[in-house]
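Colleague: Could you take me closely through one part of this model, namely how its helices pack against one another? I would like a connected account, with each term explained as you use it.

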Amino acid sequence: MKRKTRNKIILTTLLVSAAAILIGGTVALILTAGTWKVKMKESREKICDKGWECSGSKYCCNDTITDFFKVYQFENLFSKRNSPVAHAVGFWDYQSFITAAALFEPLGFCTTGGKQMQMMELCAFLGHVGSKTSCGFGVATGGPTAWGLCYNHEMSPKEDYCDKTNLQYPCVEGAEYYGRGAIPVFWNYNYGAAGDGIHEDLLHHPEYLEQNATMAFMAAMWRWMTPMKKKQPSAHDVFVGNWKPTKNDTLAKRLPGFGATMNVLYGDQICGKGYIDDMNVIISHYQYYLDLMGVGREHSGDNRDCAEQAAFNPSYKKPDDQQQQS
């Protein structure tokens, strides 16, 4: 091989190698820049402060609850709660609700998504509250859905709801763990977990939930926002779209929507039993509130029921494994 030809080959090889190094460096530089941009975007995520109601959170950049839910609307939704025949006259009020909500709005409670989603979540949460505290019946004045917040505690407890096998939250002598609150809490282990969640000693003082409306709403909101177990969604998550079902969830017919909120909160007490009255009553309250809030029941979303859903946490599980199941 002639010297000139050999030199040309060597030069070509060097040029190709240099080009490869240059291209590789450029790719690395692009990747590094892209990663840096992502990190910068994360670090610059907008945080907003709106005073006492919502601060220090990206969710506070959205409307807060008082922007779209006023005193007159609360009165409209729960118009019969202070009727003479109600059992918690003078207990529930708008200010207690808003005071409790201010603790959870920075976490996304009714501050996730656009205004319609925020109003839908409000009606979904209150749909559970209204149905679980109603003293309405078929021929009641105003209809059965007008009587939410009629109760603040179980009137005739069927048992003491003390699980003596639970060592994490052992029963306290003299304390009674019957149903109390906006989404009623039952059993010692549920009072203990809820108390930890809202930083109140409900294990020793379960009566707080029928003495203090703000605390009663707080316990219900904590329950709405909190998964029962690790790697499971909260009622909030399944409603606002934060939760993506796994293949097993899909096979169990668990899909995002209002139906899954009933699954999270009540499991197989309500779900997987067909179109039973207990489930239909909760859905009816949700849709009734959507109508009253001007959203309309036509916007109640997909997967409204849980008639065929398998429970996230079947009732045969030990209480230790189901700390928050009512």
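Modeller: I begin with α5 and α7, whose axes come within 11 Å and cross at roughly 115°; axes here are lines fitted to C-alpha atoms, for helices over the stretch in contact, and angles run from 0 to 180 degrees between N-to-C directions. This is a predicted model, in which local features need pLDDT of at least 70 and side-chain atom pairs count only at pLDDT 80 or more, while totals for chains, interfaces and linings use all residues. Residues are numbered from 1 along each chain as its sequence is written, and side-chain values use heavy atoms, with hydrogens and water left out.

The crossing of α5 and α7 is right-handed, a term used if the near helix is turned clockwise from the far one by less than a right angle, whereas anticlockwise would be left-handed. Glu 121, Ala 124, Phe 125 and His 128 of α5 make the contact with Ala 220, Met 221, Trp 224 and Met 225 of α7, where contact means heavy atoms within 4.5 Å. By class, this contact has 6 nonpolar, 1 polar and 1 charged residues; Ala, Val, Leu, Ile, Met, Phe, Trp, Tyr, Cys and Pro count as nonpolar, Asp, Glu, Lys and Arg as charged, and the others, Gly among them, as polar.

Helix α7 (residues 213–225) also meets helix α4 (residues 94–101), their axes coming within 8 Å and crossing at roughly 45°. The two are therefore oblique to each other, given that angles under 35 degrees count as roughly parallel, over 145 as roughly antiparallel, 65 to 115 as roughly perpendicular and the rest as oblique. This crossing, too, is right-handed. Its contact is made by Ser 96, Phe 97, Thr 99, Ala 100 and Ala 101 of α4 and by Ala 213, Thr 214, Phe 217, Met 218 and Met 221 of α7, and these residues divide into 7 nonpolar, 3 polar and no charged.

In the loop between α7 and α8 lies Lys 231, which has a positive phi of about 70° although it is not a glycine. Most residues other than glycine have a negative phi. Lys 231 counts as exposed because its relative accessibility is 91%; exposed means over 50% relative accessible area, buried under 20% and partly exposed in between, with a 1.4 Å probe and protein chains only.

Turning to α11, its buried residues are Met 279, Ile 282, Ile 283, His 285, Tyr 286, Gln 287, Tyr 288, Tyr 289 and Leu 290, and they pack against α3 (71–77), α5 (115–132), α8 (235–240) and α10 (258–266). Ser 284 of the same helix is partly exposed because its relative accessible area is 33%, and its C-alpha is 9.9 Å from that of His 128, although the two are 156 residues apart in sequence.

The 16 residues of α11 (residues 277–292) should span 22 Å at 1.5 Å a residue, which agrees with the 22 Å between its end C-alpha atoms; the expected span is 1.5 Å times one less than the number of residues. After α11 comes Gly 294, with a positive phi near 85°.

As the wider setting, the chain has 11 helices and 2 strands, which are DSSP runs numbered from the N terminus (H or I, at least four residues, for helices; E, at least two, for strands). Buried residues make up 48% of its 326 residues.
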